[in-house]
Amino acid sequence: MATTIYVLNGPNLNLLGTREPEKYGTATLADVEKLCRDTAKPLGCDIVFRQSNAEGEIVTWIHEALAKSAGGIVINPAGYTTTSIAILDALLAVRMPVIEVHITNIHRREEFRHHSYISKGATGVIAGLGIEGYALAITRMAGLAGAKR
Ligand code: CA2
């Protein structure tokens, strides 16, 4: 059976490519979804791609990934990175490989963006490589999937 990778996107990422292109680039979230699917296909993986502005919905999708026996989760928690113990707790609970992705290098930005609650629940973190970070995360996840943390 093909491995399924959940790709979860947090608040405001639906605006990607339409605002602040100097920070986040010109690719839209639909472009990111296509990049993820195109990367996963030759690796024999399926992608579930979602975005939400609601913290609880993201928590529910992390539980869903476990219920559906997904191989791993790639997550850009966006603004919830620096606030969400609920998302961290969900990631710790599901015990599957997790890769945290940020389009920008959060460590070169404002101080308040530097601390990620999510990183404590992540196998690895990619930041500052633009949307290509999602493709790198999926490539690595194809190797990690199935591993227990
Ligand atoms: O660099 C990233 O991927 C971030 O996760 C993006 C978040 C930010 O809060 C994190 O510190 C770093 C912001 C996502 C908002 O996305 C927008 C995209 C286009 C226009 C406006 C917001």
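Helices and strands here are DSSP runs, numbered from the N terminus. The model you have open is predicted.

**Stop 1: a loop glycine**

Select G44. This residue sits in the loop between α2 and β2. Is G44 buried, partly exposed or exposed? Its relative accessible area is 42%. Partly exposed covers the range between 20% and 50%, so G44 falls in that class.

Now show what surrounds G44. Leaving aside neighbours within four places in sequence, G44 is in contact with A2 and T3. Then add Y24 to the selection. G44 and Y24 are 20 residues apart in sequence. In space, their C-alpha atoms are 29 Å apart.

**Stop 2: strand β4**

Next, select residues 98-102. This is strand β4, and five of its five residues are buried. Look at one side of β4 to find V98, E100 and H102. Turn to the other side for I99 and V101. Both faces of the strand are covered.

Add residues 72-76, which form strand β3. β3 and β4 run parallel and are joined by three bridges. Within this pair, V74 stands opposite I99. To follow the chain from β3 to β4, select helix α4, residues 85-94. The path crosses through that helix, and the β-α-β crossover is right-handed.

Now add residues 124-127 for strand β5. Four bridges join β4 to β5, and these two strands also run parallel. Which residue of β5 is the bridge partner of E100? Pick V125 to see it.

**Stop 3: E100**

Stay in β4 and select E100. Its relative accessibility is 0%. Buried means under 20%, so E100 counts as buried. The E100 side chain makes a polar contact of 2.6 Å with the side chain of H102.

Widen the view around E100. Not counting residues up to four places away in sequence, E100 touches ten residues that you can pick out by name: I75, P77, T81, S116, I118, S119, A122, G124, V125 and I126.

**Stop 4: the nonpolar cores**

Select I5, V7, C36, I47, V74, Y134 and I138. These residues touch the most other members of the largest nonpolar core, which has 21 residues. Which elements give two or more residues to this core? Colour β1 (3-9), α2 (29-40), β2 (45-51), β4 and α5 (132-144). Helix α5 gives the most, with five residues.

Return to V74 for a closer look. Beyond its neighbours within four places in sequence, V74 is in contact with I5, Y6, V7, L8, I99, V101, A137, I138 and M141. Another core lies apart from the one V74 belongs to. This other core has 20 residues, among them I75, A90, L91 and A122.

**Stop 5: the ligand**

Finally, select the ligand and the 16 residues around it. Which of them come nearest? They are N76, H102, I103, T104 and R113.

Check three distances in turn, each from an oxygen atom of the ligand.

- H102: an N or O atom in the side chain is 2.9 Å away.
- I103: a polar backbone atom is 2.7 Å away.
- T104: an N or O atom in the side chain is 2.5 Å away.

End on H102. This residue of β4 is buried. Its side chain makes the polar contact with E100, and H102 is also among the residues that come nearest to the ligand.

Definitions and conventions: Residues are numbered from 1 along each chain as its sequence is written. This is a predicted model: local features need pLDDT of at least 70, side-chain atom pairs count only at pLDDT 80 or more; totals for chains, interfaces and linings use all residues. Side-chain values use heavy atoms; hydrogens and water are left out. Buried means under 20% relative accessible area, exposed over 50%, partly exposed in between (1.4 Å probe, protein chains only). Two strands pair if DSSP finds at least two bridges between them. A crossover is right-handed if, with the strands pointing away from the viewer, the path from the first strand over the helix to the second runs clockwise. A nonpolar core is a set of buried Ala, Val, Leu, Ile, Met, Phe, Trp, Tyr and Cys residues joined through side-chain atoms within 4.5 Å. Contact means heavy atoms within 4.5 Å. A residue is near a molecule or strand if one of its heavy atoms lies within 4 Å of it. A polar contact is a pair of N or O atoms within 3.5 Å; within protein, one must be able to donate a hydrogen and the other to accept it, and residues adjacent in sequence count only if both atoms are side-chain atoms.
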